[in-house]
Every structure is written in structure tokens, then in C-alpha cells.
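The exercises that follow are meant to be worked with the sequence and the coordinates side by side. Each one opens with a task and continues with a solution that goes step by step.

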Amino acid sequence: MENSDMEIIDEKEIEDIIKYTPRETVLAFVLAILVPGLGQLYNGQIKKALIFSLGLLTYSVGVNLLGIKAYFWTYTISLILLGILFTWSIVDAILAARRNKQYQIKTITNGTSTQS
């Protein structure tokens, strides 16, 4: 069977396509709206993603376990803080996606990050 129409792609070209995937600003925005930290994870910012996700988890546990809902002003302030967390996460994800249009995926081997 002859594949005259198919283009042969070098293995190096495939690696370059995989390593340099452009970051989509809209996708980072949508992911950040869904869950704080998800946009950062998409952008390859693992530490920031953990910080934003832990912030949301801390808020959820604090509001539910400490009974903050019973006190109007405390609950209002906690909602304002949650709004700041969401807004900061969204803006940071968008700005990082714009900066990382050519983000290089890092390979992790034995707990150390290497750039190949």
C-alpha cells in the first residue's frame, strides 16, 4: 500500500510540537472560573495551582466547620475574600497564558525537573 499523500514527520518535529504547545488565554480563563488554580495548572504553574486550590479548600473548611455562616459580618467578609481569591486566580491565569504562548513542558525525572 502506497502512502503518497501522507507526509512523513520526523521524530524531532513531533517532540517539538508536543513540547511547545501554545497556551490558550480563553481556556485558561474558563478553567480558572471553574476552580481556582486550574488555570494555573493548565499554564504549568504547579505551585500557584496548589496555593489557589488550598485557599479554596481552607475557605470551604473554615466556613462550614467554624460556623461562620451564623455571623453576618464574618460571613460577608469571607465572601469578599473568596471573591478576591477567584478574581486573582482568573487574572493570574489569563496573564500567565499570554506570557506563556510558547510554554515548554517540563519533564520530571526522579523528582527533579529537566529541560530537554
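Contact, as the word is used in these exercises, means heavy atoms within 4.5 Å. The model is a predicted one, and side-chain atom pairs count only at pLDDT 80 or more.

**Exercise 1. The surroundings of an acidic residue**

Determine which helix holds Asp92, whether Asp92 is buried or exposed, and which residues Asp92 touches beyond four places in sequence.

Solution. Start with the secondary structure, which places Asp92 in helix α5. Next take the relative accessibility of Asp92, which is 11%; since buried means under 20%, Asp92 counts as buried. Finally list the contacts, leaving out residues up to four places away in sequence: Asp92 touches Gln40, Gln45, Lys48 and Phe52.

**Exercise 2. The aromatic pairs**

Find how many aromatic pairs the model has, and classify the geometry of the pair formed by Phe52 and Trp88.

Solution. A pair of aromatic rings is described by the distance of the centres and the angle of the planes. The search yields 2 aromatic pairs. In the pair of Phe52 and Trp88, the ring centres are 5.2 Å apart and the planes stand at 85°, so this pair is edge-to-face. Because Phe52 belongs to helix α4 (residues 46–65) and Trp88 to helix α5 (residues 72–99), the pair ties together parts that are 36 residues apart in sequence. The two partners can then be set side by side: Phe52, at 4% relative accessibility, counts as buried, whereas Trp88, at 56%, counts as exposed.

Turn now to the rings of Phe72 and Trp73, whose centres are 5.0 Å apart and whose planes are at 75°, so that this pair too is edge-to-face. Here Phe72 counts as exposed with a relative accessibility of 56%, and Trp73 counts as exposed with 62%.

**Exercise 3. The nonpolar cores**

Identify the residues of the largest nonpolar core, and decide which helix gives the most to this core.

Solution. The largest nonpolar core has 8 residues, namely Ala28, Leu31, Ala32, Tyr42, Ile90, Ala93, Ile94 and Ala97. Assigning them to helices shows that α2 (25–34) and α5 each supply at least two residues of this core, and that α5 gives the most, with 4 residues. One member can be followed in more detail: with neighbours within four places in sequence left aside, Ala28 is in contact with Gly39, Tyr42, Asn43, Ala93 and Ala97. Apart from this core lies another, of 5 residues, among them Phe52, Tyr59, Val63 and Leu85.

**Exercise 4. One face of a helix**

List the buried residues of α2, and work out where they lie when seen down the helix axis.

Solution. The buried residues of α2 are Thr25, Ala28, Leu31 and Ala32. Seen down the axis of α2, they fall within an arc of 130°, so they line one face of the helix. As background to this step, an α-helix has 3.6 residues a turn, so residues three or four places apart point the same way. On the other side of α2, Val26 and Leu34 are exposed. The cover over the buried residues of α2 includes α3 and α5.

**Exercise 5. Helix α5 and its partners**

Compare the span of α5 with the expected value, then establish which helices its buried residues pack against and how far Ile94 is from Thr25.

Solution. Helix α5 has 28 residues and reaches 40 Å from its first C-alpha to its last, close to the 40 Å expected at 1.5 Å a residue. Its buried residues, including Ser78, Leu82 and Ser89, pack against α2, α3 (38–42) and α4. Within α5, Ile94 counts as buried at 19% relative accessibility. The C-alpha atoms of Ile94 and Thr25 are separated by 5.5 Å, although these residues are 69 residues apart along the chain. With neighbours within four places in sequence left aside, Ile94 is in contact with Thr25 and Phe29.

A further residue of α5, Val91, is partly exposed, with a relative accessible area of 42%. Val91 and Phe29 are 62 residues apart in sequence and 7.9 Å apart in space, C-alpha to C-alpha.

Key: Residues numbered from 1 in each chain as written. Predicted model: local features only at pLDDT ≥ 70, side-chain atom pairs only at ≥ 80, totals over all residues. Heavy atoms only, no water. Phe/Tyr/Trp six-rings, centres within 6.5 Å; stacked < 30°, edge-to-face > 60°. Buried < 20%, exposed > 50% of the residue type's maximum accessible area, 1.4 Å probe, protein only. Core = buried A, V, L, I, M, F, W, Y, C linked by side-chain atoms within 4.5 Å. Expected span 1.5 Å × (residues − 1). Arc of directions from axis to C-beta.
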